[in-house]
Amino acid sequence: MKVAALYDIHGNLPALEAVLRDVPEDAIVLIGGDTAAGPMPAGTLERLLALGDRAVWIRGNADREGGVESELWRWRTDWMWEQLGGENRAFLNGLPGTASLTVDGLGETLFCHGSPRSDEEAITAVTAEERLRAILADAGASLVVCGHTHHQFDRRSDGVRVVNPGSVGMPYEGRTGAYWALLGPEVEHRRTEYDLEAATAAIRESGYPEPDELVETLATPPTAKEAAEFLEQQALEKEAP
Ligand SMILES: [Mn+2]
């Protein structure tokens, strides 16, 4: 099978709609977590649930209770749970942490949100070899697809290939657009353009907490290098005893 990996959609329905227009009809849609936590959570879930059996879901840290740390993100996820009915809430919380699929030309592939062992553990483009080796030690697959850090990369460590498809709804790529990956038979990193002006208007109308912060991130995103270095530093501080 071919797999379209859609990670970190973050409730950005206009970005998702644009990406889904670019996804080949014969591809499975892997929804890589941090799916609804953003300005249009209910519409985003509804659109993805309409994919039915074509979609494979895994859970991100922001899709479960208690999965975010900062005050801003706690506010935002509280707002999200208010927007979603109890049924959607239970659905998101009950999703599996990982999924394993056999992809055309790539073989057995493990999909996770943060790392194979945690939806909160960050892998970045600059993760040191030693830390990466420890993270991947028990992955049990030759290809691991992870998200959470919102920038695309394609790395190898001890025979394990690690791919980040980037983020559909809140990318850190130094450039606007929606980022994802098409897997099978190659790993193809993709960027889809969407109408950011219309999306900005919808975000401002949604009632989403601190919309200006999101609007600014979408319009003038940090570069992948800046994001990778910042997130790597954060991960190291979290790890420190
Ligand atoms: Mn995340």
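User: Which residues of helix α2 (residues 41–49) are buried?
Analyst: This is a predicted model, in which local features need pLDDT of at least 70 and side-chain atom pairs count only at pLDDT 80 or more, while totals for chains, interfaces and linings use all residues. Residues are numbered from 1 along each chain as its sequence is written. Buried means 20 or more other C-beta atoms, placed from the backbone, within 10 Å of a residue's own (exposed: 12 or fewer; partly exposed: in between). In α2, a helix by DSSP (H or I runs of at least four residues; strands are E runs of at least two; both numbered from the N terminus), the buried residues are Pro41, Thr44, Leu45 and Leu48.

User: Within what arc do the buried residues of α2 fall, seen down its axis?
Analyst: The arc is taken over the directions from the helix axis to the C-beta atoms. The buried residues of α2 line one face of the helix, because they fall within an arc of 95°.

User: Which elements are included in what covers the buried residues of α2?
Analyst: Contact here means C-beta atoms, placed from the backbone, within 7 Å. By this criterion, the cover of the buried α2 residues includes both helices and strands, namely β2 (27–31), β3 (55–57), α1 (13–22), α3 (71–83) and α4 (86–93).

User: Is His113 buried or exposed?
Analyst: His113 sits in the loop between β5 (107–112) and α5 (129–136). Leaving aside neighbours within four places in sequence, its contacts include Gly32, Asp34, Arg59, Gly60, Asp119, Cys146 and His148. Gly60, 53 residues away in sequence, lies 5.5 Å from His113, C-alpha to C-alpha. Because His113 has 29 C-beta neighbours inside 10 Å, it counts as buried.

User: Is Glu237 buried or exposed?
Analyst: Glu237 belongs to helix α8 (residues 224–239). From Leu72, 165 residues apart in sequence, Glu237 is 20 Å apart in space, C-alpha to C-alpha. Since Glu237 has 8 other C-beta atoms within 10 Å, it is exposed.

User: Which residues touch the most other members of the largest nonpolar core?
Analyst: A nonpolar core joins buried Ala, Val, Leu, Ile, Met, Phe, Trp, Tyr and Cys residues through C-beta atoms within 7 Å. Trp180, not counting residues up to four places away in sequence, touches among others Ala5, Leu6, Val19 and Val168. Of the 57 residues in the largest core, those touching the most other members are Ala5, Leu6, Val19, Val144, Val168 and Trp180.

User: What radius of gyration does the protein chain have?
Analyst: The radius is taken over C-alpha atoms, and the globule rule is 2.2 Å times the number of residues to the power 0.38. Because a compact globule of 241 residues would have a radius of gyration near 18 Å, the chain agrees with that rule at 17 Å.

Conventions. Contact = placed C-beta atoms within 7 Å.
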